Amino acid sequence: MPAQNMMARLASTPWVMLAFAVNPMPAYAEECVQEKAVYVDMDNAYELRFEPMESESPVSNRFKLAVRNTAVVADGVVMRSDDRLRADGRIMFECPEGDVTGADLRACTVWQGMVYASDLKGHIRALPAEGENAADRLFLPALGPSIQKSSLWGEGKATVAPWDVLSLKGCYQ
């Protein structure tokens, strides 16, 4: 008799609800703000994880770039142009602390360039600011070749160059 009651309840449940209960929908950009977005390259060798900013700063976004299957994690920042239409990004690895020179910063900079965002249809726009919906994809031009020429590359570090396009993997709480 209990099986018949279960079947009767299932028969009255809309099938769409049942399908989502069995197969939950992944988090989409509309449900995720940029400072909690997590991206991966198409080989799943790199993960780029945004972090909330803790204070007022010329930096508009902050993130970590992790080389998967290693302990290597690089720091990244994004600074907006005055017109807020361009997002200049930097990825740095093992930078010295404290008072540093321009030469010190250049030596630890892995990649520098514009960070572009796009939707799933390929429409390009500026990287969303904190509080805005996360982009579906990020484009960091020449990321792979830059990593290969940097201190992030080598034995025990990165040995696979990432693609320049990273896709939204999800959103962390």
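## Two disulfides and a ten-strand sheet

The structure holds 2 disulfides. The model is a predicted one. Each of these links is a covalent bond between the sulfur atoms of two cysteines. Counted along the chain, the bonded cysteines follow the pattern 1-4, 2-3.

Start with the pair formed by cysteine 32 and cysteine 171. Their sulfur atoms lie 2.3 Å apart. The torsion about the S-S bond is about 85°, so this disulfide is right-handed. The link reaches across distant parts of the chain, its two cysteines being 139 residues apart. Cysteine 32 sits in the loop between α2 (15-22) and β1 (37-41). Cysteine 171 belongs to strand β10 (residues 165-171). How do the two ends fare for accessibility, buried or partly exposed? Cysteine 32 has a relative accessibility of 1%, so it counts as buried, because the cut-off is under 20%. Cysteine 171 has a relative accessible area of 24% and is partly exposed.

Now take the second pair. Cysteine 95 is joined to cysteine 108, with an S to S distance of 1.9 Å. The angle about this S-S bond is 85°, and the link is right-handed. Cysteine 95 lies in the loop between β5 (87-92) and α3 (102-108), while cysteine 108 is in helix α3, so the disulfide ties together parts that are 13 residues apart in sequence. Cysteine 95 is partly exposed, at 27% relative accessibility. Cysteine 108, at 4%, counts as buried.

The loop that carries cysteine 95 also holds glutamate 94, between β5 and α3. Most residues other than glycine have a negative phi. Glutamate 94 is not a glycine, yet its phi is positive, about 55°. Its relative accessible area is 62%, so glutamate 94 is exposed, the cut-off being over 50%.

Next, the sheet. Strands of a sheet pair through backbone hydrogen bonds, either parallel or antiparallel. Here 10 strands form an open sheet with antiparallel pairing. Their order is β6-β5-β4-β3-β2-β1-β10-β9-β7-β8. Why is one side of β6 and of β8 left without a neighbour in the sheet? β6 (109-114) and β8 (124-126) stand at the edges, and each has a single partner strand, so one side of each stays free of a neighbour. From one strand to the next, the twist averages 30°.

Look at β9 and β10 within that order. The two strands run antiparallel and are joined by 3 bridges. Arginine 137 has serine 167, in β10, as its bridge partner. β10 is also the strand that carries cysteine 171 of the disulfide with cysteine 32.

Strand β9 (residues 137-139) includes phenylalanine 139. Phenylalanine 139 is partly exposed, with a relative accessible area of 31%. Which residues make a nonpolar surface patch with Phe139? They are Tyr116, Ile124 and Val165, and the patch covers about 330 Å².

Beyond β9 comes a loop that leads to α4 (143-148), and alanine 142 lies in it. Alanine 142 is another residue with a positive phi, about 65°, although it is not a glycine. Its relative accessibility is 35%, so alanine 142 counts as partly exposed.

Notes. Residues are numbered from 1 along each chain as its sequence is written. This is a predicted model: local features need pLDDT of at least 70, side-chain atom pairs count only at pLDDT 80 or more; totals for chains, interfaces and linings use all residues. Side-chain values use heavy atoms; hydrogens and water are left out. A disulfide is a pair of cysteine sulfur atoms within 2.5 Å. Helices (H or I, at least four residues) and strands (E, at least two) are DSSP runs, numbered from the N terminus. Buried means under 20% relative accessible area, exposed over 50%, partly exposed in between (1.4 Å probe, protein chains only). Patches are made of residues with over 30% relative accessible area and no salt bridge: like charges are joined within 9 Å, nonpolar side chains (Val, Leu, Ile, Met, Phe, Trp, Tyr) within 5 Å. Accessible areas come from the Shrake-Rupley method with a 1.4 Å probe; for residues, only the protein chains shown count as cover. A salt bridge is a side-chain nitrogen of Lys or Arg within 4 Å of a carboxyl oxygen of Asp or Glu. Two strands pair if DSSP finds at least two bridges between them. Axes are lines fitted to C-alpha atoms, for helices over the stretch in contact, and angles run from 0 to 180 degrees between N-to-C directions.
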